Amino acid sequence: MADTTCPHQHRWNKALRRTQQRVSHLPRYRNSGRVIRATGMVIEVVGLRVAVGSACRIELPGSDGRLTDSDRHAEAEVVGFSGDKLFLMPLEEVIGLMPGARVAPLDESGNNSARRFPMGESLLGRVLDGNGNPLDDREGVDEVPRTTLSSPPLNPLSRAPIDAQIDVGIRAINALLCVGRGQRMGLFAGSGVGKSVLLGMMARYTKADVIVVGLIGERGREVQDFIDNILGPEGRRRAVVVAAPADTSPLQRLQGAAYATRLAEGFRDEGRDVLLIMDSLTRYAMAQREIALAIGEPPATKGYPPSVFAKLPGLVERAGNAERGGGSITAFYTVLTEGDDQQDPIADSARAILDGHIVLSRTLAEAGHYPAIDIEASISRAMTSIASPDQLQEARVFKQLFSRYQRNRDLISVGAYSPGHDPQLDEAVKRFPSLENFLQQNIDECATLAEARQALHALVGGRT
């Protein structure tokens, strides 16, 4: 029987089959919601059901002002919900947002679409932002392996103990505030007393396989200065820098700190010894405070909501040693003490969860004493486990002499001190210039462990 089908019918069927092939891989429906409110940094969305932490895409109007068929969009993250409403916070400033804008998860299936970030060896020497995008003028990172920022917590009983001292290249720290491999130390100071310079010296001189630097919430100028002048070419070659300056969104600042920590975890899992430097932990807490207050969490301690104090240990505890025989993350976190108040709630909370604290003194910095370490107020909780008995005793004698002089400084300066009445004070006065000189160090000077121990023994060894 002859085929009586119309030629137009054949063409129509062929076109229909091609269309079916193109749409066969698409989902049967599109999971999306609509913007109903935008106040400050928070965008409220209804009609969407995704998990907290999921990444979403907000469609923005095109040049003609229409909300449909537009290629412009902004990325945001779900930071909370109330009933059927989701609270989203954009990663960057959103321009052109309108009521009713369509919001869809990045994962069209509607599952938890947590963002994935570049990881691995190829990032050494690179500078990235809080989203994992390159800030330097080198090639992109599209082909680099990626992973999410979450990682399973290590069993505290399976972690290797802190039993070996690490060389940080700073005489005062190597001799008097020994830092162990896998220890987490806080650097407490007000603004402008030399935190960044001290961190840069550690980055250049510390014996570590990899350095990960997180510059969180600092001035943009300081990012360039830290990379070029403080870290330097030598330190940058073995370092990855994650920069989320103060002008970025609070979500990106949180993300930058988590990303820097995740990078350090990745290198540690490869068996490497990592130095993690984060400047600063206070800016991280402030970013979480901005987010929490914006979504309605009530303030508790001096304006900080409870979630701030819950997030701090969650970030800090990810550093440290891996299992025995594995890698390590030795971490230094700067803590900004506003108004040089050591009882600031963030400083007090950080002091409780860290393995020691190094306090920088504004008085010493103003007197030209660098690094401006207040040796009396600083302590390393792991020192007794990693230092020899002789070094512990010499460090104790050093602090006793230094403290004895400081307590009588006013009497000495006004001429009320007369030698011969207090032998210990007489010795402290005699040795103080040498003690003070021992604590000072030029920015381009490296003091190894052996040199620091030898200098300490030469200074107070005969008195023990």
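**Figure 1. Here is the second largest pocket, to whose lining α4 gives the most, with six residues.** Like the other views, this one comes from a predicted model. The second largest pocket holds about 370 Å³ of space, and 22 residues line it. If you want to find its centre, look for Lys-195, Ser-196, Glu-218, Arg-219 and Glu-222, the lining residues that lie nearest to it. Two elements, α3 (195–205) and α4 (220–237), each give two or more residues to this lining. By residue class, the lining of the second largest pocket splits into eight charged, eight nonpolar and six polar residues.

**Figure 2. Now we turn to the largest pocket, with a volume of about 650 Å³.** Its lining is made up of 23 residues. Nearest the centre of the largest pocket you will find Glu-77, Leu-149, Leu-254, Ala-258 and Lys-311. The elements giving two or more residues to this lining are one strand, β4 (73–82), and the helices α5 (250–269), α6 (281–294) and α7 (306–316). Of these, α5 supplies the largest share, four residues. Sorted by class, the lining of the largest pocket has twelve nonpolar, seven polar and four charged residues.

**Figure 3. This view shows a barrel closed by six strands.** Follow the strands round in the order β1-β2-β5-β4-β3-β6, with antiparallel pairing. On average, and ignoring direction, neighbouring strands of this sheet are turned by 45° against each other. As a reminder for this view, strands of a sheet pair through backbone hydrogen bonds, in either a parallel or an antiparallel way.

**Figure 4. Zooming in on the barrel, we see β4 paired with β5.** Strand β5 covers residues 85–90, and six bridges join it to β4 in the antiparallel sense. Which residue of β5 is the bridge partner of Glu-77? The partner is Met-89. Glu-77 links this view back to Figure 2, as one of the residues nearest the centre of the largest pocket.

**Figure 5. The last close-up is of Gln-288, a residue of helix α6.** Is Gln-288 buried or exposed? Its relative accessible area is 8%, which is under the 20% cut-off, so Gln-288 counts as buried. The side chain of Gln-288 also makes a polar contact of 3.0 Å with the side chain of Ser-307. Helix α6, where Gln-288 lies, is also one of the elements that give two or more residues to the lining of the largest pocket.

How values were computed. Residues numbered from 1 in each chain as written. Predicted model: local features only at pLDDT ≥ 70, side-chain atom pairs only at ≥ 80, totals over all residues. Heavy atoms only, no water. 1 Å grid on protein atoms, 1.4 Å probe; cavity = no way out; pocket = protein on both sides within 12 Å on 5 of 7 lines; lining within 4 Å. Points joined across faces, edges and corners; volume = space filled by probe spheres on them. Nonpolar A, V, L, I, M, F, W, Y, C, P; charged D, E, K, R; others polar. Pairing = 2+ DSSP bridges. Axes fitted to C-alpha atoms, helices over the stretch in contact; angles between N-to-C directions. Buried < 20%, exposed > 50% of the residue type's maximum accessible area, 1.4 Å probe, protein only. Polar contact = N/O pair within 3.5 Å; in protein donor to acceptor, adjacent residues only side chain to side chain.
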